[in-house]
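Hi everyone, thanks for coming. I'd like to walk you through a structure that may be new to you, so let's put it on the screen.

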Amino acid sequence: MPTATWNDATIATSDDTVVVESNHYFPRESVDDSLVEASDHTTVCPWKGTAHYLHVTVNGQRNENAAWYYPEPKQAAASIRGRVAFWKGVRVQ
């Protein structure tokens, strides 16, 4: 089952991920809310839309903008609505 970990903590785990561009998008409800917090950072992808980011904090260490999601993805990326992906050292196995 795909699991996202950072700093020896499990951030998300689910057997229902969607893989887009080699990134596992986890259902939002599978993410441990105690380990993430909203960021003001956004980026724009031409075919997915505007990505919003989350900081990941584990054991007092913060990994800024280490997760992202598309609250209103474009039609071509509708399959990732309500899902979160990770990067910046977060391991997904």
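Before we start, one term: two strands count as paired if DSSP finds at least two bridges between them. Please also keep in mind that what you see is a predicted model.

With that term in hand, look at strand E1, residues 3-6, which is joined to E2 by 4 bridges, the two running antiparallel. One of the residues to look for here is Thr3, whose bridge partner in E2 is Thr13.

Now let's zoom out a little. These strands belong to an open sheet of 3 strands, in the order E2-E1-E9, with antiparallel pairing. Strand E2 (9-13) and strand E9 (91-92) each have a single partner strand and stand at the edges, so one side of each has no neighbour in the sheet.

On to the other sheet. In what order do the 6 strands of this open sheet come? The order is E3-E4-E8-E7-E6-E5, and the pairing is again antiparallel. At its edges are strand E3 (18-20) and strand E5 (36-45), each pairing on one side only. From one strand to the next, the twist averages 35°.

Let's go through some of the pairs. Strand E6, residues 49-58, pairs with strand E7, residues 61-69, in the antiparallel sense over 6 bridges. There you can find Val56 standing opposite Asn63 in E7. E7 also pairs with E8, antiparallel, over 3 bridges, and strand E4, residues 23-27, pairs with E8 in the antiparallel sense over 2 bridges.

Val84 in E8 is a nice residue to click on. Val84 is the bridge partner of Tyr69, and Val84 is also the bridge partner of Phe26.

While we're on E8, which way do the side chains point? As a general reminder, in a regular strand the side chains alternate between the two faces of the sheet. In strand E8, residues 83-86, Arg83 and Ala85 point one way while Val84 and Phe86 point the other way, and all of them are buried.

My last stop is Thr17, in the loop between E2 and E3. Which residues does Thr17 contact, leaving aside its neighbours within four places in sequence? They are Pro2, His24, Tyr25, Phe26 and Arg83. With His24 there is a polar contact between the two side chains, at 2.8 Å. Thr17 and Ile80 are 63 residues apart in sequence, yet their C-alpha atoms are 9.1 Å apart in space.

That's my tour, and I'm happy to take questions.

Note on methods. Residues are numbered from 1 along each chain as its sequence is written. This is a predicted model: local features need pLDDT of at least 70, side-chain atom pairs count only at pLDDT 80 or more; totals for chains, interfaces and linings use all residues. Side-chain values use heavy atoms; hydrogens and water are left out. Axes are lines fitted to C-alpha atoms, for helices over the stretch in contact, and angles run from 0 to 180 degrees between N-to-C directions. Buried means under 20% relative accessible area, exposed over 50%, partly exposed in between (1.4 Å probe, protein chains only). Contact means heavy atoms within 4.5 Å. A polar contact is a pair of N or O atoms within 3.5 Å; within protein, one must be able to donate a hydrogen and the other to accept it, and residues adjacent in sequence count only if both atoms are side-chain atoms.
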